[in-house]
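Student: Please take me through one part of this model in close detail. I would like the strand pairing, and then the enclosed spaces.

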Amino acid sequence: MKFPDSINVLLLGSGGREHAFAWSIARSKRVAKLYIAPGNAGTASCGTNVDINPNNFGSVKQFVISNNINLVVVGPEEPLVKGIYNFFAEDGEISNIPVIGPSTEGARLEGSKDFAKAFMTRHNIPTAAYRSFTKKSLDEGLAFLETLKAPYVLKADGLAAGKGVLILDSIDEAKTELANMLNGKFGAASNTVVIEEYLSGIECSVFVATDGTSFKILPVAKDYKRIGVGDTGPNTGGMGAVSPVPFADEQFMEKVTKTIVEPTIAGLKADKIIYKGFIFIGLMNVDGTPKVVEYNVRMGDPETEVVLPRIESDIIGLFEGIAYGKLDKYDLQISPNTAVTVVCVSEGYPGSYEKGFEIKGLSMSCPTTDEGSIVFHAGTTSKAGKILTSGGRVLAVTSFGKSIADAVNKSFNTIQDIEYQGKYYRSDIGKDLMKR
């Protein structure tokens, strides 16, 4: 099977990742119409925004039927964890419409840290040693912390909007936070808490597209999670990203492929888990040995903003390979150039912040890489002809260059022309990699 020559696409989501997807999809000559639900002020330049909640599967279904949609691309994790793939597959009216994303069971790789760790253990995939605890086993958890060395890693088992991972230097603080988490700090997400050993090294993000049998490894990226320069302050959803990553050379990626990617795909098949979509593998390079920090069941953000622009081949062909089990036939072509994304956030983020400030200096066309920087909207809205801030992460400014320094300077120059009250960004994105 394959897509028609000209297709209608529905993309679910509203962040920077979804603007990057919309940008990539809009470039394909195979796309007749692109709809984004609900989208943001930036995605509106690449397609048509529609006011639908991605988690309202009934509304998604009706839109798909009414607008002759041929393909549904799911950006965020929540609809996947809630079972949108199964919803489509089990409904005779829409079961023929491919959904890019895993089944409900596959989405548990992100929806449950405990499930993911057990999967890795079962299939001999290298990761940090761990144990899981509930409120009833709090005393055991406190005792387990005593067996570990600082820093201490505590992870809420379920989805916690990117805030459910704590890395603590003090044993007393770790014990207090374990009790707080098990007593509802992150709601139901922390009914179970995973405690694991701390992995020391440098992180990178490996993205894999799979049809359940074959796979393609997409460009590798590194993101920057801390709010402050020098990786200081609290974690955020991501302050920037770089691709490619200098230390992820051919030798390192061969280890990643053999010890992590291949066993992951084989493990999904062995466990009879349907998986047709993307796998984000958060890795730690521990003295040249890759170990899995976490799985996500979709593309990362802001890494998507550097990964997708480096893919030169038609993304619709990638989706077609995923949907119909023909991914091994897809010719993945990647730009050799470096891409760097610098994220502009609202003052106060990742804590409380104000919204509704006008953003000036933006172009509202769907940009091309030939025009310089690509400004992906992450938290924006349009009102009365003005673009306003509507989130903590507001914009992701992506630029190409022959080097990290070249690309990041282009992004910085573009950011200087963009104005809104409280604009903040990290001035050191990529600098750690320039030294390597």
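**Strands and cavities**

Tutor: Start with β7 (residues 152–156) and β8. They run antiparallel, and 4 bridges join them. Keep in mind that this is a predicted model. Within the pair, Leu154 of β7 has Leu166 as its bridge partner in β8. Strand β8 spans residues 165–168 and has two unlike faces: Leu166 and Leu168 make up the covered face, while Val165 and Ile167 make up the uncovered one. So much for Leu166: the bridge partner of Leu154 sits on the covered face of β8.

Now the open sheet. It has 5 strands, in the order β12-β15-β18-β22-β19, and the pairing is antiparallel. Its edge strands are β12 (222–223) and β19 (374–377), each of which pairs on one side only.

Walk across it from β12. This edge strand runs antiparallel to β15, with 2 bridges joining them. Asp223 stands opposite Ala241 of β15. What about the two sides of β15? Gly240 and Val242 point one way, Ala241 and Ser243 point the other way, and all of them are buried. Ala241, the residue opposite Asp223, is thus named among the buried residues of β15.

Next comes β18. It pairs with β15 in the antiparallel sense, over 4 bridges. Val242 has Val340 as its bridge partner in β18. On the β15 side of that bridge, Val242 is buried and points the same way as Gly240.

Then β18 (residues 338–345) meets β22 (residues 393–401). These two run antiparallel and are joined by 8 bridges. Here Val343 stands opposite Ala396 of β22. In the strand order, β22 is followed by β19, which is an edge strand.

A helix covers part of this sheet. Helix α12 (residues 404–416) lies across β15 (240–243), β18, β19 and β22. The angle between α12 and β22 is about 135 degrees.

Turn to the enclosed spaces. A search of the whole structure finds 2 cavities of 30 Å³ or more.

The largest holds about 70 Å³ of space. Its lining consists of Leu109, Lys113, Ala116, Lys117, Met120, Lys155, Glu196, Val293, Glu294 and Tyr295. Two elements each supply at least two of these residues: α6 (113–122) and β17 (289–296). The greatest share comes from α6, with 4 residues. By type, the lining divides into 5 nonpolar and 5 charged residues, with no polar ones. One lining residue links back to the opening pair: Lys155 lines the largest cavity, and its number falls within β7 (residues 152–156).

The second largest cavity has a volume of about 50 Å³. It is lined by 13 residues. Nearest its centre lie Val74, Ile100, Phe278, Val297 and Arg298. Three elements give two or more residues to this lining: α1 (16–26), β5 (99–102) and β16 (275–286). Of the elements, β5 gives the most, with 3 residues. The lining here divides into 8 nonpolar, 3 polar and 2 charged residues.

Set the two linings side by side. The largest cavity has no polar residues in its lining, whereas the second largest has 3. For the charged class, the lining of the largest cavity counts 5, and that of the second largest counts 2. As for the elements, α6 gives the most to the largest cavity, and β5 gives the most to the second largest.

Note on methods
Residues numbered from 1 in each chain as written. Predicted model: local features only at pLDDT ≥ 70, side-chain atom pairs only at ≥ 80, totals over all residues. Heavy atoms only, no water. 1 Å grid on protein atoms, 1.4 Å probe; cavity = no way out; pocket = protein on both sides within 12 Å on 5 of 7 lines; lining within 4 Å. Points joined across faces, edges and corners; volume = space filled by probe spheres on them. Nonpolar A, V, L, I, M, F, W, Y, C, P; charged D, E, K, R; others polar. Buried < 20%, exposed > 50% of the residue type's maximum accessible area, 1.4 Å probe, protein only. Pairing = 2+ DSSP bridges. Contact = heavy atoms within 4.5 Å. Axes fitted to C-alpha atoms, helices over the stretch in contact; angles between N-to-C directions.
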